Amino acid sequence: MGASLLGRLAQGALVVLFVVATCFALIRLAPGDPFFRALDEASVPAEVRAAQLARFGYDRPIPEQFARYLGNVVRGDLGWSHSRGQPVAQAIATALPSTLLLVGTAGLLAFVVGVSLGAWSGWHADRPIARGIDRGAMLLLSIPDYLLALLAVMGPALAWGLFPVGGARTEFGPTGLLGLVDRLHHLVLPVLALALPIAAVVTRLQHAAMRDVRDAAFIRTARANGVPERRIRWRHALRNALVPVLSYGGVQVAAALSGVVVIERIFAWPGMGRLLYDGVLSRDYPLIAGGVLVAAIGTVLGTMVADLAIRWADPRQRNA
Amino acid sequence: MPRLARLRPTLLLLLALGCGPSDRAGGGTVIIASPADTETLIPALRTTVTGRMVTELLFDQLIELGPTLNPFGDAGFEPRLAARWSWDSDSLALAMTLDDDARWHDGRPVVAADVVTGYRVIMDPTNGSPIRSEITDLDSVTVRDERTAVLHFKSRTAEPFVTAAAVVPLPSHLIDTIPAGALATSAFAQQPVGSGRYRLVAREPKARTEFAAVTDHYRGRPGPDRLALVVAPDPATGIAKLWAEEADVWDNLPPTEVAAAAAHPQVRLIQAAGWDYTFIAFNYRDPSDTARAHPLLADHAMRAALSHAVDREQLVRALFDTLARPLLGPFVRAQFTADTTLAPPAFDTTAANRLLDSLGWTARDRAGIRRRGGRPLRLRALVPAPSANRVRASVLVQEQLRRVGVDLVIEKLEGQAFGAARDAGTFDLVFHGVGTTPSVRGLRTTWASRTPAGNGRLNAGNFRDTTVDASLEAGLTALDPERTRTQIRTAYRRVIDDAAAIWLYEPVQVAGVHRRFVTPAWRSDAWWRTIGEWRLDPAATRLARDARPTAP
Amino acid sequence: MKEAHASRETGVRLAAAFLALVGVGALAAPWLTTHAPTAQLDPVALAWQPPSAAHWLGTDSYSRDVWSRLLFGARATMGIAVLAVTVSLTFGTLVGAVAALAPRWLDALLMRATDALLAIPRLLLLLLVVAGAGTLEFAPLAILLGSTGWMMTARVVRQDSGRLLATPHLEGARALGVPWARLLTRHLLPSLLPTLAVAATAAFAAAVPLESGLSYLGLGVRTPLPSWGNLLADAESQPLAHWWVIVFPTVMIAGTVLAANALANAMERQWRR
């Protein structure tokens, strides 16, 4: 067990290395550089920019830059963010907690709602309401996430005044207990906008899996053996039907980050999604590398946890 | 109970502000929402408008262009850190005497050495300052005595005081110890000590920057106690913050939002002259081999034909309704040198068709696109995806050109890819935007022939004309504003007569400001310069954030 | 039970009819519309017209007829979505199923490579590629969307295959020495169909809004070609005031996705029998 865990960790490290290397190279191959600055302001002469590029070693071959970068990372130095004018580590330290809060809340909500709705509707797949739930989830998935977020801002926030329009807290707002309430108030809409599409996918997967399990042989066997219906449903059926959902859950970390890019932009939420998006647009090489490093570690951990959960849910795979 | 206890001082303060005759009508908190953040806190390193705003709040200039917006001579300038100035007898050395009360935010007096440091930071190539190429007329800056710095010019020019304003003093006692090239990554760059009416309190890049009033400033205590620049990257939801009273200013509302403002009576709209303009520049060089002339666009008749084919009046109405005007040439109407008698080629499809026919593009394919020698009349236009206006303009122009049989292929590129393609010259047409200032020296970057000295850096189409070069030089070195105006107008006329571009639009600025603030006359070129004069309207209801911050 | 069956049949017929209508509409668009999809009738006077007799579904910000753009847009959107789903489904199933059957080291290699690609946020990858490559033509855009979307399918297929291979039926087949290619095509793939049907509709449902999302970020289908995605993106600044530009494309996207889903379910039931 210990050896296999070590093996998984080593594999995970390789994955992270590959991801960072890919983005490291792609961003350097894209036109532009960190000193290009704003759209119509080419006011920094080319030779000055060239000198700046040389100062940070961006004129060297990409493999050499990558080797140096890895060396620095091992020493705990993530580099300097040119677009933010602060160390990359500091930028991530402020952005990561606010994204974790957003993604964590949304993920939890999506899974609880999705699994319950999906499990119930899958078990009762013949009822019209159950089919309605499945179709409702499908419908939700057909609306682009940015549109959902924009409508949330224009309706509940702006037109009805129920929620703040954007940001993570009220500027110069209350502190202490009231401050906490204020932060939760700001969290509601972005969490809903992020969670709804994920919940829809989870509902559909759970619905399909539960419907399949319902007719499976081992359920019939259990029923024939006189196992109580409630125990069948919750112990045997749901546990087995969780496999595809859990398999999806681990990888959802990366997909959620894509959603986060849009949600954080629309809700002016200062987090990792905006850090990565701004980083790409401003060709902030160290910021991208650092952001992707953190995102990749998060995803790898997510998939590992999901794999462990799958082993728990599906005993047959324990030896596979 | 603890909650009530917390609320009570606030309530009392609100009551005091609302009822009692307050000693001054100042105070309040201004939240500025903006889609972009500043890229730096150091004046010498700023490249954007937001960068100008933030650095000008933190740092005072020696002198500042006043509301007349006249950049020639010193009549239009007001004293700031420099209380007085005088030319030496050779008319090349400008002595600046500093204000006796001017202090850095850390309490140290502003001294002449700080002016030298400000200049040195701009000129040090390892800092990569964009200001460097704008003050080429300056030779050196020296210290005459503790409170007098001298700016030595190479020669007299039309705008020496624009140069003087660009040399922003920096605290030598903090900067001079920073090694060469390390300024941008220094602690000072994150926590600068300035001389402006506001000091930095806290900053989270790309999210928020908080400022507090400097209460003992040599120019007097500014009105609002606190400012915050809050970044809202999506304009639609950013402007929604203004409507929802989460923000107090949005300085550039698009026309659709101006129309929606009626539903939000707490926001006052302020119109001001615009300083941005947009045109389509033609590429004079072959995109596939920039050493050669462009096979189609090097021909004046082709450029004229395309210019005639674009209905600028319709374009402006469709994009901005009444909140923009068709551009007259490479200038905005608010500029001192503007020449409203100039007229770009009129919308005339008959003329456009006649010119295209005469060039041999007579055959048409099934879609109505002109052909010559079996090849379609197809042109590639670069459009920056981040500019919503230019993207929309390109779709309208595409359809207008199609009507005369020209196939415009739109290459919509993300910001940096757009800039790289523009600078490399790999396009036929480019949708070019210019943010100009009252000074006319920027013309050199857009329309002068490219030189190693840095002229023509934004001359994307590689327009070259010796008359324009000569007129610009003569205009920028003339000592008489009238002569400058004549020379610059000659350059305008040459550029327009050559049909070097299709002159699209010049939008009016519309700012939205919360009604509880009484604002002085809006500075169209730099509205934030008068923010210290903003006052809370005694009759208006205050918001919770206006409560005076308690001293820590 | 019989009633449910009958209503299901009607549902399937409705779904098939809807998809057929969309297909016919897209193909016959030139004869069903009165305006060219790119024609700007009068960008000043006729922009943002609500639905009327002259313009059944109103006009957009450039005074283009929304009905024409909706019909012609079906070509681009369906084309891109179908191509993208084909690419992602084929590749994902292949990787997932092969990994399940392959020796342990190859399995680990394939799945870790999948994890690695999944760990790059898709939008970031698309941004990076588009930043480097500029405006993409139709087919490259579809293939790009497809080739960045297969990893999820691969993982789900790998998990499901692992579960299926552990069933007595397939374990037996394996023990009997059935060659792996046969195992894949005859035994594994048919059993995977329910999963794949869901994955395909999910991928389709994801591809259509993603195309719209790219338009929102300023990338996506080249103007002035219509697509459901760039129709939606046009109403970005005032979504409530210009509801017709949002409602009709959304109805089309949702209808198509629901119909495709209903058909997939029906097919799945057929195979099961």
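Which helix of chain A gives the largest share of the nonpolar patch? In this predicted model, that helix is H4 of chain A, spanning residues 88–123, and its share of the patch comes to three residues. The patch itself covers about 280 Å² of surface and is made by A:Leu109, A:Val113, A:Leu117 and A:Leu192. A:Leu109 is a good residue to look at here, and it lies in helix H4 of chain A. Its relative accessibility is 37%, so A:Leu109 counts as partly exposed; the partly exposed class runs between the buried limit of 20% and the exposed limit of 50%.

Chain B offers a sheet to explore. Six strands of chain B form this open sheet with mixed pairing, and following them across gives the order S16-S23-S13-S22-S20-S21. At its edges are strand S16 (324–326) and strand S21 (407–413) of chain B, each of which pairs on one side only. On average, neighbouring strands of the sheet are turned by 25° against each other, with direction ignored.

Within the sheet, one pairing can be followed residue by residue. Strand S13 of chain B (residues 276–282) and strand S22 of chain B (residues 429–435) are joined by seven bridges in the antiparallel sense. Among the residues involved, B:Phe282 has B:Leu429 in S22(B) as its bridge partner.

A helix accompanies these strands as well. Helix H13 of chain B, made of residues 415–424, lies across strands S20 (378–384), S21 and S22 of chain B. Relative to S20(B), helix H13 of chain B runs at about 135°.

Conventions:
Residues are numbered from 1 along each chain as its sequence is written. Chains are lettered from A and ligands numbered from 1 in the order in which they are written. This is a predicted model: local features need pLDDT of at least 70, side-chain atom pairs count only at pLDDT 80 or more; totals for chains, interfaces and linings use all residues. Side-chain values use heavy atoms; hydrogens and water are left out. Patches are made of residues with over 30% relative accessible area and no salt bridge: like charges are joined within 9 Å, nonpolar side chains (Val, Leu, Ile, Met, Phe, Trp, Tyr) within 5 Å. Accessible areas come from the Shrake-Rupley method with a 1.4 Å probe; for residues, only the protein chains shown count as cover. A salt bridge is a side-chain nitrogen of Lys or Arg within 4 Å of a carboxyl oxygen of Asp or Glu. Helices (H or I, at least four residues) and strands (E, at least two) are DSSP runs, numbered from the N terminus. Buried means under 20% relative accessible area, exposed over 50%, partly exposed in between (1.4 Å probe, protein chains only). Two strands pair if DSSP finds at least two bridges between them. Axes are lines fitted to C-alpha atoms, for helices over the stretch in contact, and angles run from 0 to 180 degrees between N-to-C directions. Contact means heavy atoms within 4.5 Å.
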